[in-house]
Amino acid sequence: MQKVIEDIDILANDNAQHEACETVKVSVDENTGKERKLYIESYGCQMNFSDSEIVSSIMKKEGFDTTSNFNEADVIFLNTCSIREKAEQTVRARLSQFNTVKKNRPEMMIGVLGCMAERLKSQLLEEEKVVDLVVGPDAYRDLPGLVKQVDEGQKAVNTFLSREETYADISPVRLNSNGVTAFISIMRGCDNMCSFCVVPFTRGRERSRDPYSIIKEAQELFNNGYREVTLLGQNVDSYKWSPEVNNKARLEKSEVSEIINFANLLEMVALVNPDLRVRFSTSHPKDITDEVLHTMKKYENICNYIHLPAQSGNTRVLDIMNRTYTREWYIDRVDAIRRIIGEDCGISSDMITGFCTETEEEHQDTLTLMDYVKYDFSYMFFYSERPGTLAAKKFEDDIPLEVKKRRLSEIIDRQQKYSLERNQRDVGKVHKVLIEGFSKRSNDDLQGRNSANKVVIFPKKHYQKGQYVNVLVDRCTPATLFGNIVD
């Protein structure tokens, strides 16, 4: 366990791989006869992976196929994350590796996209000179022109943050797709100013995508054989759109003809087809409403799973994190989930331990919150100061590393206990599972997820991915359920 903490400072169990903490995805091989090859390596959250699909669509129209081998690429894009220091270190190591290849192929183009591009544009482009192109998350439409600039011997940069851009009209090229599940970006940016987070500075203000373009994308995915969509946003609960304006801050100050909120959108997507499962991520405790919960209860195809990041169980720490809710408010939202949807609704969380000035008693409050909620799984980190954040400007990172690691270990141990306890509740029950493909360990077994977002593994027999099956679970680990299909 200690080795895990030292290496990656996180516990991400198997069924958490569908959420926000995946490390890297690489573009797939596509050979349609286009003149040039594009290699994309994506880091961080699902929003980044969704953005890479948008980039691939834009570049495909400009004469690029994708490749999974950077040695074959004419253009290499790293779609980056600035949430944690380790992600930036990984990207820097990759840039060094790519520049070694470029010494023998000087015509090869290297570009940095996304949040790290926004934060470190001058350093990467002018000081270190390790890239040819730097593009922020709101400037992907400019990529063809920027690539042309580099082709002509210039460096290229666009990190302008838009108040309107949602890429609503671009049909993403699905990368690394299993053909069954897909992500739909419903909004961009974030208006929350959590003191530990760089996202508002790297992704800009919050704006919501036209709901009718979302419904169109969901319908097209279903028609193409997909059976599950996950609606993505930094804070999906604050989705708010009107025909006149999509920027939330402006919308709330304007007179508009109608407003579609997240509960409305969730219902619209659920009505695309009863065989299309609907998930969403991420929810913010200050914004998730009873209206959303009642909508989830109303439609069987809206999955009973909510990712509800707590970050801390102590109200004072939540206040200096600028989370804008208290421990009591968070518990009220958990109680509402259990009351309206039921005890079987999966709940997961993010936890940060060792935040600035956190005392031992306040750390214990996080553990007792975990005791109260009994999360199905969590993403757990010790605090890592990020340059440019409010916390870096206002507070001293004063908790010793060994204390952070010890507290993180205690949180991980507590979560392992409740992950097993929650999974044991599922043993002896029949679960509706959407088959996503083969088990990671054997082609004799298939795997899928139940409504609560838990991975279920069972013998293959004659079943295929994309089918719904009923599985009687007969055993479990803290991360996975196992069973057999029943008629």
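**Entry 1: a phenylalanine and its partner**

I began with F355, which is buried, its relative accessible area being 0% in this predicted model. I then looked up Y383, which also counts as buried, at 2% relative accessibility. I noted that F355 and Y383 form an aromatic pair of the edge-to-face kind, with 4.8 Å from centre to centre and 75° between the planes. On tracing the chain, I found F355 in the loop between β16 (346-353) and α13 (360-373), and Y383 in the loop between β17 (377-382) and α14 (390-394), so that the pair links distant parts of the chain, 28 residues apart. Which residues make up the aromatic cluster here? I wrote down F196, F355, Y383 and F395, which form one cluster.

**Entry 2: another aromatic pair**

I recorded that the structure holds eleven aromatic pairs. Among them I looked up Y212 and W241, whose ring centres are 6.0 Å apart and whose planes stand at 80°; because planes over 60 degrees apart count as edge-to-face, I entered the pair under that heading. Y212 lies in helix α7 (residues 211-223) and W241 in strand β12 (residues 240-241), so this pair ties together parts that are 29 residues apart in sequence. Are these two residues buried or exposed? I found W241 buried, with a relative accessible area of 9%, whereas Y212 is partly exposed, with a relative accessible area of 46%.

**Entry 3: charges over rings**

I next turned to charged side chains and found the charged end of R227 over the ring of F222, at 3.9 Å from the ring centre. I also noted K393, whose charged end sits over the ring of F201, 5.9 Å from its centre.

**Entry 4: a parallel sheet**

I followed three strands that form an open sheet with parallel pairing, in the order β8-β11-β14. Why is one side of β8 and of β14 left without a neighbour in the sheet? Both β8 (181-185) and β14 (277-281) stand at the edges and have a single partner strand each, so one side of each has no neighbouring strand there. I wrote down that neighbouring strands of this sheet are turned against each other by 25° on average, with direction ignored. Between β11 (residues 228-232) and β14, which run parallel, I found five bridges, and in this pairing V229 of β11 stands opposite V278 in β14. I then looked at helix α9 (residues 262-270), which packs on the sheet, touches β11 and β14, and has a direction that makes about 150° with that of β14.

**Entry 5: antiparallel strands**

I moved on to β18 (residues 430-438), which runs antiparallel to β21 (residues 468-476) and is joined to that strand by five bridges. Here I noted H431, whose bridge partner in β21 is V471. I found that β18 also pairs with β19 (residues 445-449), in the antiparallel sense and over four bridges, and that F438 has L446 as its bridge partner in β19. What do β18 and β19 form? I entered them as a hairpin, with six residues between the strands.

**Entry 6: confidence**

Lastly I looked up the confidence of the prediction, and found that the chain averages a pLDDT of 89, with 95% of the residues scoring at least 70. Over residues 1-22, however, the pLDDT is below 50, although this stretch has 63 contacts in the model beyond near neighbours in sequence. I reminded myself that predicted coordinates should not be read in detail where pLDDT is low.

Notes:
Residues numbered from 1 in each chain as written. Heavy atoms only, no water. Pairing = 2+ DSSP bridges. Helix = DSSP H or I, 4+ residues; strand = E, 2+ residues; numbered from the N terminus. Axes fitted to C-alpha atoms, helices over the stretch in contact; angles between N-to-C directions. Contact = heavy atoms within 4.5 Å. pLDDT = per-residue confidence, 0-100. Phe/Tyr/Trp six-rings, centres within 6.5 Å; stacked < 30°, edge-to-face > 60°. Buried < 20%, exposed > 50% of the residue type's maximum accessible area, 1.4 Å probe, protein only. Lys NZ or Arg CZ within 6 Å of the ring centre and 35° of its normal.
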